[in-house]
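Open the model in a viewer and follow the stops below in order. Each stop gives a selection and then says what is there.

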Amino acid sequence: MSVLLFIVLFTALGGVLSVLAAALFLLLPEPQQKLVLPHGISFAIGALLTGAFCGLIPHAFEEVQPQQLSTLSATILAGILGFFVLEKLLVWRHCHSNACEAHGEDSHDDHHHGHNHSHGSGHRPAGMFIILGDGIHNFVDGVLIGAAFLTDVQLGIVTSLAVAAHEIPQEVGDFAILLHSGYRRGEALFYNVLASLTTVVGGVLAYFSLGDLHHVLPYFLTLAASSFIYIAVADLIPSLHQKTDMKTSLQQIGFILAGVVLILVMQGIAHRFEGAA
């Protein structure tokens with residue numbers, strides 16, 4: 001079997017399997033989903049921030065010379081500010097067409113928290129950002145898998161399995177965010193599968209032009225990191241402040257920590273797999 005065929009097969013298989021594993025969440029009855037969803041948002045905050053600060057950013061910094069670190073840091077800042085401007089434009093456009101301000105602050109709050117999206121009239125921008133960020137992240141994963149296969153087929157297979165294992169908890173968080181943003185279950189599954197297929201694109205491009213992609217790879221990593229940071233800090237954390245009782249607050253902290261721990265554990269497993277290879 002050719003190296004290119006290995007790359008296409010394992011990038012597609014790993015990406016789709018991780019999404020389908022996370023999609024088990026969608027099999028829960030709707031009342032249970034409503035109970036689980038707030039915990040999923042807390043979990044996603046921990047997973048996104050840990051993935052950004054303990055995975056993407058350190059890996060990006062390792063790939064460049066010391067004099068380039070300030071440029072990468074500026075890329076993270078530019079990404080966060082860029083996502084803020086983009087969200088402002090999306091919110092303004094949606095509210096302008098639906099006269100959000102004319103309905104008062106309550107209508108604006110309902111829009112911001114996605115309650116008026118249950119019939120598909122529009123989606124909270126956080127959902128778009130998570131698809132974009134996940135697509136970029138998966139693309140980078142594809143590049144890394146492609147590079148591993150070009151080095152050694154066994155290394156490529158092991159790396160593919162490690163990436164899939166790392167992606168499952170992240171995909172659970174992505175489903176939670178998309179449902180929180182007003183997407184239907186079928187839509188959430190479709191867009192997650194679509195974003196996972198960028199892994200194939202990254203792997204194929206790595207095969208044909210690895211040298212060129214290697215130089216821009218750290219910038220893809222930092223852009224994905226800035227997307228995850230913005231989603232967690234600007235869109236998800238404020239929603240946790242709607243309930244301030246002690247029990248809910250402790251649950252939120254616990255699930256945030258669960259997201260942190262699970263991503264760190266998955267990263268450790270991936271590193272051990274890569275080291276063994």
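A residue counts as buried when its relative accessible area is under 20%. By that cut-off, 44% of the 277 residues of the protein are buried. Keep in mind that this is a predicted model.

**Whole chain**

Begin with a cartoon view of everything. The protein has nine helices and zero strands, so the pattern read along the sequence is α-α-α-α-α-α-α-α-α. Contacts can be sorted by how far apart the partners lie in sequence. Of the contacts with a separation of 6 or more, 84% join residues 24 or more positions apart.

**Helices α1 and α7**

Select residues 3–22, which form helix α1, and residues 185–196, which form helix α7. The two axes come within 8 Å and cross at roughly 155°. Angles over 145 degrees count as roughly antiparallel, and α1 and α7 are therefore roughly antiparallel to each other. Their crossing is right-handed.

Now show the side chains where these helices touch. On the α1 side, select G15, V16, V19 and L20; on the α7 side, select L189, N192, V193 and S196. The residues of this contact divide into five nonpolar, three polar and no charged.

**N192**

Stay on helix α7 and centre on N192. Is N192 buried or exposed? The relative accessible area of N192 is 2%, so N192 is buried. Next, display what surrounds it. Not counting residues up to four places away in sequence, N192 touches V19, D134, E171, D174, F175 and L178. One of these, V19, belongs to the α1 side of the helix pair just visited.

**G135**

Move to helix α5, residues 125–151, and select G135. With a relative accessible area of 11%, G135 is buried too, because the cut-off is 20%. Which residues does G135 contact, once neighbours within four places in sequence are left aside? They are A195 and T198. A195 lies within the residue range of α7, 185–196.

For a distance to draw in the viewer, join the C-alpha atoms of G135 and Y191. The line spans 9.7 Å, while the two residues are 56 residues apart in sequence.

**F149**

Remain on helix α5 and select F149. F149 counts as buried, at 2% relative accessibility. Leaving aside neighbours within four places in sequence, F149 is in contact with V3, F6, I7, F10, G156, I157 and S160. Among them, V3, F6, I7 and F10 fall within residues 3–22, the range of α1. Add a C-alpha to C-alpha line from F149 to S160: these two are 9.3 Å apart in space and 11 residues apart in sequence.

**E187 and R184**

Finish with a charged pair. Side chains of opposite charge can pair when their charged atoms come close. How many salt bridges does a search of the whole structure find? The search finds one. To see it, select E187 and R184, whose side chains meet at 3.9 Å, N to O. This distance qualifies because the cut-off for a salt bridge is 4 Å.

Colour the two residues by accessibility. E187 is partly exposed, with a relative accessible area of 23%. R184 is partly exposed as well, at 42% relative accessibility.

Conventions. Residues are numbered from 1 along each chain as its sequence is written. This is a predicted model: local features need pLDDT of at least 70, side-chain atom pairs count only at pLDDT 80 or more; totals for chains, interfaces and linings use all residues. Side-chain values use heavy atoms; hydrogens and water are left out. Buried means under 20% relative accessible area, exposed over 50%, partly exposed in between (1.4 Å probe, protein chains only). Axes are lines fitted to C-alpha atoms, for helices over the stretch in contact, and angles run from 0 to 180 degrees between N-to-C directions. Helices (H or I, at least four residues) and strands (E, at least two) are DSSP runs, numbered from the N terminus. Angles under 35 degrees count as roughly parallel, over 145 as roughly antiparallel, 65 to 115 as roughly perpendicular and the rest as oblique. A crossing is left-handed if the near helix is turned anticlockwise from the far one by less than a right angle, and right-handed if clockwise. Contact means heavy atoms within 4.5 Å. Ala, Val, Leu, Ile, Met, Phe, Trp, Tyr, Cys and Pro count as nonpolar, Asp, Glu, Lys and Arg as charged, and the others, Gly among them, as polar.
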